[in-house]
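Student: I'm new to this one, and I'd like a close look at how one helix packs against its neighbours. Could you take me through that part and then show me what lies around it?

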Amino acid sequence: MKELIINGIRVRPGQKLNIELAIAKLPTHTLIDLPIFIRSSKEPGPVVLISGGVHGDEINGIATAKKVLEEIDESLELLKGTLIIIPLVNIYGFLSNSRTFPDGRDLNRSFPGSKKGSLASQIAYILSNEIIPLIDFGVDFHTGGRMLTNYPQLRVDFTDKLALELASNFAPHFIVNSKYIEKSFRKAAFRSKKRILVYEGGESMRLDDFSIDEGVAGTKRFLASLGMLKSEYALQKPIYIKQSDWIRAKASGIFNSNIKLGEEVKKGQVLAKITDPYGQVKIPVKANSNGYVIGINNLPVINVGEALIHIGKE
């Protein structure tokens, strides 16, 4: 097993460590620590990162990473390798119910970061230099935005064959083609020849048991495929989404959908309607192609041009 050293602390085979990494101070000079949980087997194997809360308001992702940690501690035997679990990365955003840092910067657009840059840049620098060099693979849990729910899915660049194979072993219902985004956590790992899978499920500022359970189940399948857990988890066959588009509102009004997340739809099918507040205007929202509903806007009052329904095509 390769030696792991985090924040000057050496991790030995078979150890169970909780590390608090000092990252910054609040304006009150209260110290902010980043809790990192390390669970190591005595047998050598892959080092896998499980992270949530890169966006501080994506509580569902934090809960998913937390539940993985709980199950590892309570009932799952780690056969080989090491897990590095960071349930909450963006503590600042979490405290303020915000996706971003106090200065409005997005951590997931701040990599590889800078030791002397903005708060987001400094945290990105710590992750780039303290965590990414140690890992082989990772799963980073996210959700949809405010009032936007994503059906559980993995985001993977289909041209990256290794990442696609790893995603297939995670075996979510949908694997969505998503190019590497500059300055993202996933792109920073890729540049270091590491692979981080991005899981999307649920909506920010809400807990969704289905998305949490799917994330935990997929993580177990993924770890079992690496030989880190017992191979007792049945694989489901994912649907590969090569292209996706949002259907946008052609008028403002009250949005009322009649389809469910994950549902297969046909081109021309009426998926929702937009009405005025008085019942005098009714505008159908139709599918622009065959596909699957992988995301939906839950906001009832919408304006023209807003994204309503995310359709993924095989």
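Tutor: Sure, and a word on labels comes before anything else: helices and strands here are DSSP runs, with at least four residues for a helix and at least two for a strand, numbered from the N terminus. Keep in mind that this is a predicted model.

Let's settle on helix α6, which covers residues 209-225. Two packed helices are described by the angle between their axes and the distance between the axes. Start with helix α1, residues 59-74: its axis and that of α6 come within 9 Å and cross at roughly 45°. Angles under 35 degrees would count as roughly parallel and 65 to 115 as roughly perpendicular, so α1 and α6 are oblique to each other. Their crossing is right-handed. On the α1 side, the residues that touch are Asn-60, Ala-63, Thr-64, Lys-67, Val-68 and Glu-71. Facing them, α6 offers Ser-211, Ile-212, Asp-213, Gly-215, Val-216, Thr-219 and Lys-220. Sorted by class, this contact has 4 nonpolar, 5 polar and 4 charged residues.

Now turn to helix α4, residues 161-170, whose axis comes within 7 Å of the α6 axis, crossing at roughly 120°. Since 115 is the upper end of roughly perpendicular and roughly antiparallel needs over 145, α4 and α6 are therefore oblique to each other. From α4, Leu-166, Asn-169 and Phe-170 meet Glu-214, Gly-215, Gly-218, Thr-219, Arg-221, Phe-222 and Ser-225 of α6. By class, that gives 3 nonpolar, 5 polar and 2 charged residues. Notice that Gly-215 and Thr-219 of α6 take part in the contact with α1 and in the one with α4.

Stepping back, the chain is split into domain 1 (4-239) and domain 2 (243-313). Their centres, taken over C-alpha atoms, are 31 Å apart. Where they touch, 10 residues of domain 1 contact 12 residues of domain 2. About 980 Å² is buried between the two, with carbon and sulfur atoms giving 65% of it. Within domain 1, Met-147, Thr-149 and Tyr-151 lose the most area to domain 2, together 46% of what that side buries.

Two loops deserve a peek as well. Pro-112 sits in the one between α2 (91-95) and α3 (119-131), and a cis peptide bond joins Phe-111 to Pro-112, with omega about 5°. Lys-193 lies in the loop between α5 (185-191) and β10 (195-203); phi of Lys-193 is near 65°, a positive value in a residue other than glycine.

Conventions:
Residues are numbered from 1 along each chain as its sequence is written. This is a predicted model: local features need pLDDT of at least 70, side-chain atom pairs count only at pLDDT 80 or more; totals for chains, interfaces and linings use all residues. Side-chain values use heavy atoms; hydrogens and water are left out. Axes are lines fitted to C-alpha atoms, for helices over the stretch in contact, and angles run from 0 to 180 degrees between N-to-C directions. A crossing is left-handed if the near helix is turned anticlockwise from the far one by less than a right angle, and right-handed if clockwise. Contact means heavy atoms within 4.5 Å. Ala, Val, Leu, Ile, Met, Phe, Trp, Tyr, Cys and Pro count as nonpolar, Asp, Glu, Lys and Arg as charged, and the others, Gly among them, as polar. Domain bounds come from an automatic or database domain assignment. Buried area is the accessible area (1.4 Å probe) that two parts lose on being put together, summed over both.
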